[in-house]
Structure formats: C-alpha cells, structure tokens
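Hi,

Here is the structure I promised to pass on. Have a look at it first, and then read my notes below.

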Amino acid sequence: METPEQIRDRLLARFPGAGVAVVANPSPAAQHSLALDAAHAREIAAWLRDDAELRLDYCSNVTGVDRPDREVVETITTAVPDPAGGPARAAEQKIKRTQPGCLEVVYHLYSMARRHGPVIIRLRTGNRTDQVALPSLTPVWRSCEFQEREVFDLFGVVFEGHPDLRRILMWDGFTGHPMRKDYVEPDDYEWEPTPHDKILAKAKKHYPTEPAAPGGAAEGAQP
Amino acid sequence: MITSDPLSPAPGARVRPVHDEFHGDLLEVSMGPHHPSTHGVFRMMVTLDGETVVRLKPVFGYLHRNHEKLGENTTYLGSMPYTDRLDYLCSMTNNWAYALAVEKLAGQAVPERAEYLRVILAELTRLLNHTCLAGFLLQDCGASGTPLMYAFREREKILDLFESLSGSRMMCNYQRFGGCRVDPPPAWLEAAGRLVDGYGAFLDEYEALLTGNEILMARTQGVGRLSADLAVSAGVTGPMLRAAGVAYDIRKVDAYGIYPRFDFRVPLGDHGDTYDRYMIRVLEMRESIKILQRALHEIPAGPIMDPKAKLRGFRPKPGEAYGRIEGPKGEIGFYLISDGGPNPCRYRVRAPSFVNLTILEDLCLGHTVADAVIILGSIDIVLGEVDR
C-alpha cells in the first residue's frame, strides 16, 4: 500500500488548495495519519473510497479525541550586545502561551477489495466551544452513521449533513459531553449511607433548606 | 385526519395508532427494552403497517457506563478486566484485542507458547459464541428450550475449561501485554483436546436437528437479506459480512498472531439471509475445530510471558495504535493514544455489534415483526459492548 506521504502528494495534485498534512505517529505501531481540512474532507473521502489504487471502501472505526487548551512555555533566545564591546550575551526569555485546543475526529479506513489498510484520516474543529462543526462522512461510508452519532453525543462535534444526528448512548435530555477532558460529572452525594467528614459537608449542600416554623424554631430540628 | 407525522420519532414507550390518508393505519410499537427477544436491554421503535415493519429505529444506551472514560482513568493493565465486560460471552477475544493494541503501541513481543494459547482460547470462544448464537436464534424462532439447552450444555463444558484455567467462567481477565497470565497444565490441554475432538459429534447432532429442519428453513430463508455492497459500506464485519458473500476475515487479511500457520477456510454465504448467517456460523465452528486440533497438538513448551514485559508501572512512549482482531462477532478493535503517562490519553473500543446494528432497519423493512426478532437474533448483539 502507498505510504501516507504518497497519498498526500496524490491528494494535493488532485485537490489543489486542499489542506492535507501527514501527522507522524512516533510509537512502534507507526500508523501515520493524514490531517484533512474540513472544507475538502467529504470530496477527499469520496475520492479515497473510489480511487482505483486505494479503494478504501470500509470505514472501520470513527472516534473523537479531545485536545484541551494547553499551556506551552516557549523559550526565546535573543542575543544582547555587550555595551562594553565584548561578545554578545545570549538572553533567554520564557513566554507562556495558551495553545488553543480542538476536537479531533479520527477515521480508520481499510479496503476490503484490495485488503489493505489502515489509512487514518483526522479532521479538526476550529475550537472546542463554538466552531465545532465538521462535515459528516456518513454519505460516503454508511458505517459512520452510528459512530458519528456517538462522537456527537460524547464529544459534542456537530456533523453537518448527517441524516439523523441525535444522541445515541446518553438520553435526549442530557446536557454536556461526558468524554471531554474537562467534563465534570454531576455531584453524586448519595453513595454513602452515613456521611461524615468531607462527605457530610458535601452532602449537606444537597439537604433541603428547612422552612421557618411559625413559632420561630425550625420545624423538625432536633436538639 | 392527520394527527401527527407518522414518521417522526416519538419519545416514550407506548403503542400509538397513527391515522392518515396516505399511510393507512400505522401502529407504533416500542419493543423492549425489557423484552426477551432483544437479547438484553435494547429497544426498537417499530412502526407497523398491519404486521409489516415500515420503520424501525434502534434505541440503546441503557447499559451505558462510559467504558471509554473509565479506561482513560485507569492504568493500561487496570482496563484489562473491564474489557471482559464488553462482550461478556467473548472475554478471551476482548482481552486479546486489547493486549494486541497495547503491544502494538509499546512494540511488545509475545512468546510462542502464549501465541498458541491465544489462538486456542480465541477459537474456543468462537465455538462458544456461535453455539450460543445458534441456540438463541432457534429460541427466537420459537423452538422453545430444546436447541438452547443443547447449546448451553456444550457451552458449559467450554466455560468449565475457562474456569479451571483463569478462575472465572466468563470474566476471564487472562491475557497480558506480552503473554498470558497462567500456564495451563498438561491435563488442561488434554481436557481441551477431548472437548474439541467431541465437538464435531455435537455439531452433527445439532445440525441433524436443525439445518434441514423445514420450519427453520421456512422462517429464515429469504428473511433479512443483506447485499454485499451495503454490508461493506456499513462496515458490517464477522459472520454477517461473510454470509453476504464478502471474503474478509481479519485472521487471513491481517495475519495477526500465528494464524498464517493454520490451514483453514473462510466459509461464504450466497444469499445473505438469516439462514446463511446461521449456516456460516456452523461452518466456522467446523473450521475452528480444525485450528484447535492442530494448535493443541503443536503447542510448544516455553515461557508464557515475555521476560521484558512490564505490567506494573507500564508507561508506553507517546504515540497511538489501532489493533484489531477477528472476534466471533466481527472486528473488535482498540484505539489507544498514549501521552507517556500511566493511563491512556484516549481509549476507544470499536465494538462489532455496535457497528453491525447500523443496518438493522434496512434488513427489517418489509418483513413482519416476528421476522424482525429473528433478524436481530441473527445479527448477534451483546448489549454490554453496544452500549459500553
């Protein structure tokens, strides 16, 4: 099978202006992947499926990956000239920068006709909050239907052009996306029947506030 | 008078008559989640025209516990027992798929004896799963009790083997990264050999009862036809795919483990109907018996764990890997991303029954409700892995 670099070169020749980049995988598995830009993703996917050489007719696995915002420390070295006329001194300056996160959708493609694979493609959203739309690849591979619904459900990626985009594992009234790294689960305080210490303090937050009794004393309050 | 759009999803479990001049009398029925034919807590919202299915939407998630999040919050080794709970009939193959993915991620070698043990246990699991499936399928057809009990009798014999080896009948937790957990004594291998040698006779008996049975043929032939094109596009794998006539068996394609050493055939179906799906599984069991006999005969002595393998404090280098094997239900794969820490940064399970359910509606349209039950049975789902 062609290497990801060869596939990238053919894609760039076929789709001028499309963003295709090889993402290296340093693990011994060496399954390198292709990052595609969202605008051309569906055309490229259809081409990958129909190309006589590749014939990637089988999309095995679709999954999301959450890449939260990261704080990166960059070290910039600048040469400071010595006022006394000696050799320039190197000054190091550390800059903290927040690298914006994104949501990533990974597709593992195989070919049943040519019996090779995997070719891995990744699509990335603009950010994790308001630009979370990506083109759906369900029109290209039917197997994406439920798996994209799962990514929508658990990660919150909105697939444009999906025929039936609803939650699939969580219930319809659920809010939030549990597979995101910053998801905070609802406070579950009921797991201990006789709370004490920290758990008691946590549980007290959920106790109903006592209504004031007409006599002045709180109703039901035990001495 | 039109009361509502008959094809809109209706929440809640209820029977709702839909009257409209175009659709006649449509009836919306919620089958499940507590229904014996749904093999677990699975719900089908079925719209019926008379007895014919005109629309079917599967609803699941009742058993969802966010297995993948659990995997991200546990060490690599800590996830191994959780994989037993995915497809709880086939814990040995789940273990193997996960171990294979981690071994790919870390570049871990596996000793020869462990490879043989993996093949033996995976093929025993295939026998177990397909036997159960045949029993359940016949139960769904209305053959109450007898075939299922025959199947379960044989299944117990395999589970006894698993229990004596791993300590647990179904939650085996047996594979490790770079090998297996326990070395079977020679007596175990002999017992497995006796079981395998007798399995052909059981299959003959079972087939004599069922394969040529007129009622079974009438109920399953031509029911739920799956075309090869749709099967490939929808990512259907395993016996369902091969029943549709596509020769794709990951044991042959990926040649993982030591499968290339074994001589076995990949049975293919002609019509892609429910009968073919039953038949393919019977034929696959016969091929599994051949693999098992040879593996049990050839298994070498030696270590079962790679001495360099690290289980506790295991931290693979950053990177990612997708490992897959041919499970009894289809392609079971694990996708792992490591950031160098003790826990995986992303842990994804590609569950075969979850993807195979995609085409449930396509198979059921135009058939009766009773046929929908059989079609679902022939897809072979386990909700533990659908819902994860």
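Between chain B and chain A, 27 residue pairs are in polar contact, counting pairs with both residues at pLDDT 80 or more. That score comes up because this is a predicted model, so please read everything here as computed from the prediction. On the side of chain B that touches chain A, the largest share comes from strand S7 (residues 319-326) of chain B, with five residues.

The interface also has five salt bridges. If you want to pull one up on screen, try Arg348(B) with Glu150(A): their closest N and O atoms are 3.2 Å apart.

As for the overall extent, 41 residues of chain A are in contact with 48 residues of chain B. The two chains bury about 3,600 Å² between them, and carbon and sulfur atoms give 53% of that. Within chain B, the residues that lose the most area to chain A are Glu320(B), Tyr322(B) and Thr358(B), which together make up 15% of what that side buries.

You may be wondering about cysteines. How many disulfides are there over all chains? The count is zero. Take Cys102(A): the closest cysteine sulfur belongs to Cys345(B), and at 12 Å it is too far away for a bond, given that a disulfide needs the two sulfurs within 2.5 Å. Seen from the other end, Cys345(B) is in no disulfide either, and its nearest cysteine sulfur is that of Cys102(A). Are these two buried or exposed? Cys102(A) counts as buried because its relative accessibility is 12%, and Cys345(B) is buried as well, with a relative accessible area of 15%. The cut-off for buried is under 20%.

One more residue to click on is Arg126(B), which sits in helix H4 (residues 112-141) of chain B. Its relative accessibility is 1%, so Arg126(B) counts as buried. Leaving out residues up to four places away in sequence, Arg126(B) touches Arg251(B), Tyr259(B), Glu284(B), Ser288(B), Glu326(B), Gly327(B) and Pro328(B).

Finally, a word on confidence. Chain A has an average pLDDT of 84, and 92% of its residues score at least 70. The stretch to watch is residues 217-223 of chain A, where pLDDT is below 50; beyond near neighbours in sequence, this stretch has five contacts in the model. Where pLDDT is low, the predicted coordinates should not be read in detail.

Cheers

Note on methods. Residues are numbered from 1 along each chain as its sequence is written. Chains are lettered from A and ligands numbered from 1 in the order in which they are written. This is a predicted model: local features need pLDDT of at least 70, side-chain atom pairs count only at pLDDT 80 or more; totals for chains, interfaces and linings use all residues. Side-chain values use heavy atoms; hydrogens and water are left out. pLDDT is the predictor's confidence in each residue, from 0 to 100. Contact means heavy atoms within 4.5 Å. Buried means under 20% relative accessible area, exposed over 50%, partly exposed in between (1.4 Å probe, protein chains only). Buried area is the accessible area (1.4 Å probe) that two parts lose on being put together, summed over both. A salt bridge is a side-chain nitrogen of Lys or Arg within 4 Å of a carboxyl oxygen of Asp or Glu. A polar contact is a pair of N or O atoms within 3.5 Å; within protein, one must be able to donate a hydrogen and the other to accept it, and residues adjacent in sequence count only if both atoms are side-chain atoms. Helices (H or I, at least four residues) and strands (E, at least two) are DSSP runs, numbered from the N terminus.
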